[in-house]
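Colleague: I am new to this model and should be grateful for a close look at a single part of it, the metal site. Please begin there and then relate the site to its surroundings and to other parts of the chain.

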Amino acid sequence: METKTVRGTGVVPGYAYAPVGWVHQPYVPSVTTTSMLDEDARPAEVERFKAAVETVAGRFEERALLASGVSAEVLGATAALARDRGWARAATKLINSGQKAEPAVAGAIANFVEKFEKLGGLMAERTTDLKDIRNRVVAELMGLPEPGVPKPTTPIVLCAEDLAPADTAGLDPTFIRALVTRLGGPTSHTAIIARQLGIPCIVAASALDTVNEGTLVLVDGTSGVITLDPNEIEAKELVEADARLRAEIRAWSGPAQTSDGVHVQLLANVQDGPAAAKASKSEAEGVGLFRTELCFLTAQTEPSTKEQARIYGEVFSAFPGQKVVVRTLDAGSDKPVPFANHAEEENPALGVRGIRLGWTNPGLVDRQLDAIQLAAEDNGVERPWVMAPMVGTVDEAYEFAQKCRERDLWPGIMVEVPAVAMLAEQFLDEVEFFSIGTNDLTQYTMAADRMSSDLAMLTDPWQPAVLRLVQLTAAAGIKKNKPVGVCGEAAADPLLACVLIGLGITSLSMASGAIPAVGVQLSKVTLEQCQQAAVQVAQARNSRDAKNLAAELLG
Ligand code: PEP
Ligand code: MG
């Protein structure tokens, strides 16, 4: 019998073998209805409603019994809320006035949500639970599968259209063995969460909807292949080998080095003080990318120099005496910062974003550099590393470096625009270091929106054209004797990390949770192996060949 496979883009390596559990989208009926129930049908409709509520509340209770601690309390409280007489009375009243049960549930809950939101505080927080109860009761009434993320008690491969941050909070890797989504891309939230949980992940598996709930699948997070009903013995062997690798990853301690003892600097990507504090407990040797814009996603007015300095200082103080690379605001496009953003644009990813904001908002960059200087002084950091995002011309690099040097800051730039890779040597005459942002470099090289799941095959940093640009950039760094790091998601892919080091990259920065897996992979290969593999991989015809070749030569 031929084995059926579904393909996507592998974004977190590893194997998993378990039945599929789907995240079902909720169906929310309209609260207004045109068809009215006959009077004599209404009592039966009330009974149908009550039975659905009872089933949903009972399921919450069953789960509460299986759970422990806070989870058990939360599930118990949700069961009680489902049985709450107040909303049940409101829904019953609507049914008795002629509505069918589904719109009556939607209408009754909508009223309560509005009231709770007005009350604010703890009451407002219950609205998420109320909506969840509504979705489950409606699904029960309509004979649809339970919506939302399943809470399994045995292992599953979690499959979804896409996952929102709220869906992924509290996922338990004991039971969720892999994440597979039909949408999403290599830099999507799903990929980031899977990496943190240390479970394999595949995104953009467009035919995933053909895989039914309960089907046994083998997930290969490296190749992006999902095999349906695979050979059980082979699948289990692969998963066991993977479990041994995971144990090795958990036991790994830095600093990272290749098997022939060449040190590789592994750094953390952070977005604020708390994230830096967490990263400081990992094996990170410093911070390779501090995304300052993420501190201000809700700030309507520009924080004062002092306030900014306090925020940046939290990151410096988490890594005393270690390297911390601060990136100036990369506001715009997918990261709008209210106080810094440019007006509506047709094409924001190609618009006024990053360093370009200084063109329309004079002084923005200067004030931020003042704040970084102040934070460095307050925390005893001598000449901190500071880099600008989205630089495209040598003049921009020159001006930015001037501003940094005036403030005793060590200037660098991100390599995200292909133009910089093409003229890398000239840029390096102006600045002290490069950090390659492979997320944007891939987006701009392949002319493919990094947010688009339809284009995930193109926004893959294994694209040989992207690797060639990295190669050009790294070669310029070697020639000018200046460091060239990578801080995009590519650095967190263990195999690609080896290829990057082989291309001449001098440091890798990633989510701190990804560091041990990269460290283990580097410890299994020599620098020469990385260099030889890199030359061949950069010559590949397409991203799949590049990945397979690297797996063959370095895996
Ligand atoms: C990048 O583009 O690779 C990068 C690290 O920057 P960001 O993801 O914040 O755009
Ligand atoms: Mg970027």
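Modeller: The account below begins at the metal site and then moves outward.

This is a predicted model, in which local features need pLDDT of at least 70 and side-chain atom pairs count only at pLDDT 80 or more, while totals for chains, interfaces and linings use all residues. Residues are numbered from 1 along each chain as its sequence is written, chains are lettered from A and ligands numbered from 1 in the order in which they are written, and side-chain values use heavy atoms, with hydrogens and water left out.

The magnesium ion (ligand 2) has Glu416 (OE) and Asp440 (OD) as its protein donors, lying 2.1 Å from it. Donors are N, O and S atoms within 2.8 Å of the metal (3.2 Å for Na, K and Ca), and sites may look incomplete because water is not among the atoms. The pair joins distant parts of the chain, 24 residues apart: Glu416 belongs to the loop between strand E13 (410–415) and helix H14 (418–422), and Asp440 to helix H16 (residues 438–445). Helices (H or I, at least four residues) and strands (E, at least two) are DSSP runs, numbered from the N terminus. Both Glu416 and Asp440 are buried, a class that means under 20% relative accessible area, with exposed being over 50% and partly exposed in between (1.4 Å probe, protein chains only).

The helix that carries Asp440 deserves a description of its own. H16 is mostly covered, with 7 of its 8 residues buried. These are Thr438, Asn439, Asp440, Leu441, Thr442, Gln443 and Tyr444. Their cover includes strand E10 (286–291), E13, H14, strand E14 (433–436), H17 and E15. Just after H16, Ala447 adopts a positive phi of about 50°.

Further along, Asp460 occupies the loop between H16 and helix H17 (464–480). Asp460 has a relative accessible area of 6% and is therefore buried. Leaving aside residues up to four places away in sequence, Asp460 touches Thr9, Pro186, Thr442, Ser543 and Lys547; contact means heavy atoms within 4.5 Å. Thr442 in that list is also one of the buried residues of H16. Between the C-alpha atoms of Asp460 and Ala448, 12 residues apart along the chain, the separation is 9.9 Å.

Tyr444 of H16 leads to another loop. Leu350 touches Tyr444 and Arg356, again not counting residues up to four places away in sequence. Leu350 sits in the loop between strand E11 (323–327) and helix H11 (357–360). Its relative accessibility is 56%, so Leu350 counts as exposed. The C-alpha atoms of Leu350 and Asn212 are 40 Å apart, and the two residues are 138 residues apart along the chain.

H17 and E15, which help to cover H16, also pack against the buried residues of helix H18, together with strand E16 (507–510), H19, helix H20 (527–537) and helix H21 (543–554). Because 10 of the 10 residues of H18 (residues 494–503) are buried, H18 is largely enclosed by the rest of the structure. Among its buried residues are Pro494, Leu495 and Cys498. Gln521, found in helix H19, touches Pro494, Leu495, Cys498, Leu554 and Gly555, with residues up to four places away in sequence not counted. At a relative accessible area of 13%, Gln521 is buried.

H19 also meets helix H8. Helix H8 (residues 232–251) and helix H19 (residues 515–523) pack at about 105°, their axes 8 Å apart. Axes are lines fitted to C-alpha atoms, for helices over the stretch in contact, and angles run from 0 to 180 degrees between N-to-C directions. H8 and H19 are therefore roughly perpendicular to each other, given that angles under 35 degrees count as roughly parallel, over 145 as roughly antiparallel, 65 to 115 as roughly perpendicular and the rest as oblique. Leu245, Glu248 and Ile249 of H8 make this contact with Pro516, Ala517 and Val520 of H19.
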